[in-house]
Amino acid sequence: MANVVVVGAQWGDEGKGKIVDWLSERADVIARFQGGHNAGHTLVIDGKVYKLSLLPSGIVRGGKLSVIGNGVVLDPWHLVKEIAQLRDQGVTISPKTLMIAENTPLILPIHGELDRARESQNSVAKIGTTGRGIGPAYEDKVGRRSVRVADLADDATLQLRVDRALVHHDALRRGLGLEPVDRDALIAELRAVAPVVLEYAAPVWKVLNEKRKAGKRILFEGAQGALLDIDFGTYPFVTSSNVIAGQAATGTGIGPGSIDFVLGIVKAYTTRVGEGPFPAELDDADGQRLGERGHEFGTVTGRKRRCGWFDAVLVRQTCATSGVNGIAFTKLDVLDGFETLKICVGYELDGQRMDYLPTAADHQARCTPIYEEMPGWSESTEGARSWADLPAEAIKYVRRVEELIGCPVALLSTSPEREDTILVTDPFAD
């Protein structure tokens with residue numbers, strides 16, 4: 001059976017939640033492989049809205065196993081809150097439907113405090129973090145001072161891990177003018193939340209490999225978008241983990257040879273939350289219209305997203321770095337009614353044309369878009385479920401996008417409702 005990785009191919013907010021939910025009905029396992037609770041998914045199922053930021057999107061589907069892999073950083077208190085919220089909405093969550101990798105690093109309160117303190121005192125250039133401790137938690141992971149899920153099971157180990165972390169954090173806090181960490185209070189908080197987290201702890205790498213050998217279909221779900229990747233994004237205005245498809249293997253403990261199809265989620269225009277370069281950004285009526293029609297506000301933060309025309313240069317680049325086999329093209333209906341549409345097909349940098357986004361931050365900031373214009377359409381595409389339901393000009397727009405990014409459309413989404421989806425290529429096909 002085919003195993004599928006879903007990645008955002010822009011700056012996030014591409015509509016991954018709906019697509020993962022749409023695919024999850026055909027999967028046996030849905031595995032989250034990176035990020036934390038800083039990126040949200042909004043699912044609309046039979047008119048009911050579910051807002052997720054940590055749990056895999058498949059958790060709202062009965063009969064599926066949802067997995068949080070070791071590539072995720074886990075806030076245990078947020079986990080408790082999100083589980084309670086979904087249970088209040090009638091979702092069944094148990095160790096049979098949710099597993100958390102034992103080697104998953106935890107986000108502690110000190111991580112959020114450090115995140116917010118550094119961002120507020122950064123007089124050079126704000127990164128635009130959510131302040132939820134994601135970055136500091138990943139720093140502790142690579143610094144070998146994390147408290148991990150398995151550590152919660154042994155009190156002596158837990159205290160040792162906390163002490164090791166505090167040697168580092170108390171020194172940082174002094175430099176930022178913060179009070180030292182109350183060690184005993186932190187350990188008490190961890191002891192209190194431990195039973196809830198440990199209920200779901202499992203050797204995820206082993207479970208996933210057994211599922212694969214048994215012929216089960218696994219859907220790997222990322223958060224954010226490839227342009228926020230720590231290596232291939234618009235550094236330093238990025239997240240603190242690898243977002244591209246290769247992380248699905250290392251973030252869950254399954255070999256890269258087990259991945260059969262990479263699906264890139266691509267919005268029909270471009271948005272970005274927070275700071276950083278955005279060559280195709282619109283500060284005019286068209287940008288305002290895209291934001292209003294697309295309801296472009298962050299699921300987690302509520303922050304207004306910056307909007308711009310579709311940037312084929314960036315998507316072509318992310319399709320290459322993630323090895324995308326096909327894209328899911330979302331929010332086409334937001335473009336309904338525009339008389340003229342523009343697509344960014346290249347950049348101009350110091351008088352030279354560029355067919356990719358350069359690595360250097362100062363070069364990225366100076367790139368100006370080169371646009372190609374296409375006629376828009378006046379008819380509605382909302383709710384279309386076949387090519388025959390789409391205006392001719394909308395089909396031409398989709399086909400031109402395919403040409404420019406060098407990747408075919410596998411799925412076309414025309415509204416937040418999961419059934420309003422046109423299937424072109426089945427990612428799960430053997």
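This briefing walks through the sheet, a few helices, the salt bridges and some individual residues of the structure above. Keep in mind that it is a predicted model. The centrepiece for strands is an open sheet of 10 strands with mixed pairing, and a search of the whole structure turns up 23 salt bridges. There is also a buried arginine, R272, that has no salt bridge.

**The open sheet**

- Reading across the sheet, the strand order is β7-β6-β5-β2-β8-β1-β9-β13-β17-β18. The edges are β7 (201-202) and β18 (421-423), each of which pairs on one side only.
- Strand β2 (residues 29-32) runs parallel to β5, with 4 bridges joining the two. In that pairing, R32 sits opposite I68 of β5.
- On to the next pair: β5 (residues 65-68) and β6 are also parallel, held by 3 bridges. Here V67 has M99 of β6 as its bridge partner.
- In a regular strand, side chains alternate between the two faces of the sheet. For β6 (residues 98-101), both faces are covered: L98 and I100 are buried on one side, M99 and A101 on the other.

**Strand β14 and its partners**

- Of the 10 residues in β14 (residues 340-349), 7 are buried, so the strand is largely enclosed by the rest of the structure.
- With β16 (residues 368-375), β14 pairs in the antiparallel sense over 8 bridges. One example is K342, whose bridge partner in β16 is E373.
- With β12 (residues 310-311), the pairing is parallel and spans 2 bridges; F310 stands opposite I343 of β14.
- With β15 (residues 352-354), β14 pairs antiparallel over 3 bridges, and L349 is matched with Q352.
- β14 and β15 make a hairpin with 2 residues between them, and D350 in that turn has a positive phi of about 50 degrees.

**Helix α3**

- The length of α3 checks out: its 13 residues (109-121) should span 18 Å at 1.5 Å a residue, and the end C-alpha atoms are 19 Å apart, which agrees.
- The buried residues of α3 are I110, H111, G112, L114, D115, A117 and E119. Their cover includes α4 (134-142) and α5 (155-175).
- E113 of α3 forms a salt bridge with R173, with the closest N and O atoms 2.7 Å apart. Since R173 belongs to helix α5, the pair ties together parts that are 60 residues apart in sequence.
- The two ends of that bridge differ in exposure: E113 is partly exposed at 30% relative accessibility, while R173 is buried at 8%.

**Other salt bridges**

- D13 and R305 meet through their side chains in a salt bridge of 3.2 Å, N to O. D13 is in the loop between β1 (4-8) and α1, and R305 in the loop between α9 (285-293) and β11 (306-308), so this pair links parts that are 292 residues apart in sequence.
- D13 is partly exposed at 26% relative accessibility, whereas R305 is buried at 8%.
- R385 and D420 form another salt bridge, the closest N and O atoms being 2.8 Å apart. Each sits in a loop, R385 between β16 and α12 (392-405) and D420 between β17 (409-413) and β18, so the pair connects parts that are 35 residues apart in sequence.
- D420 is buried, at 10% relative accessible area.
- Salt bridges with shared partners join D13, K267, E296, R305 and K331 into one network.

**R272: buried without a salt bridge**

- R272 is in strand β10 (residues 270-272).
- What does this buried residue have in place of a salt bridge? The nearest side chain of opposite charge, E281, is 8.2 Å away, but polar side-chain atoms of R272 lie 3.1 Å from the backbone oxygen of E275 and 2.7 Å from that of P277.
- Beyond its sequence neighbours, R272 touches W11, L228, T234, F237, P277, F278, R305 and R306.

**Two helix residues: S24 and D184**

- S24 lies in helix α1 (residues 16-24) and counts as buried, at 0% relative accessibility.
- Leaving out neighbours within four places in sequence, S24 is in contact with I30, G58, R61, K64 and L219.
- D184, in helix α6 (residues 183-198), is exposed at 54% relative accessible area.
- The side chains of D184 and R183 are joined by a polar contact of 3.1 Å.
- C-alpha to C-alpha, D184 is 63 Å from E379, with 195 residues separating the two in sequence.

Key:
Residues numbered from 1 in each chain as written. Predicted model: local features only at pLDDT ≥ 70, side-chain atom pairs only at ≥ 80, totals over all residues. Heavy atoms only, no water. Buried < 20%, exposed > 50% of the residue type's maximum accessible area, 1.4 Å probe, protein only. Lys, Arg positive; Asp, Glu negative; His and termini not counted. Salt bridge = Lys/Arg side-chain N within 4 Å of Asp/Glu carboxyl O. Polar contact = N/O pair within 3.5 Å; in protein donor to acceptor, adjacent residues only side chain to side chain. Contact = heavy atoms within 4.5 Å. Expected span 1.5 Å × (residues − 1). Pairing = 2+ DSSP bridges.
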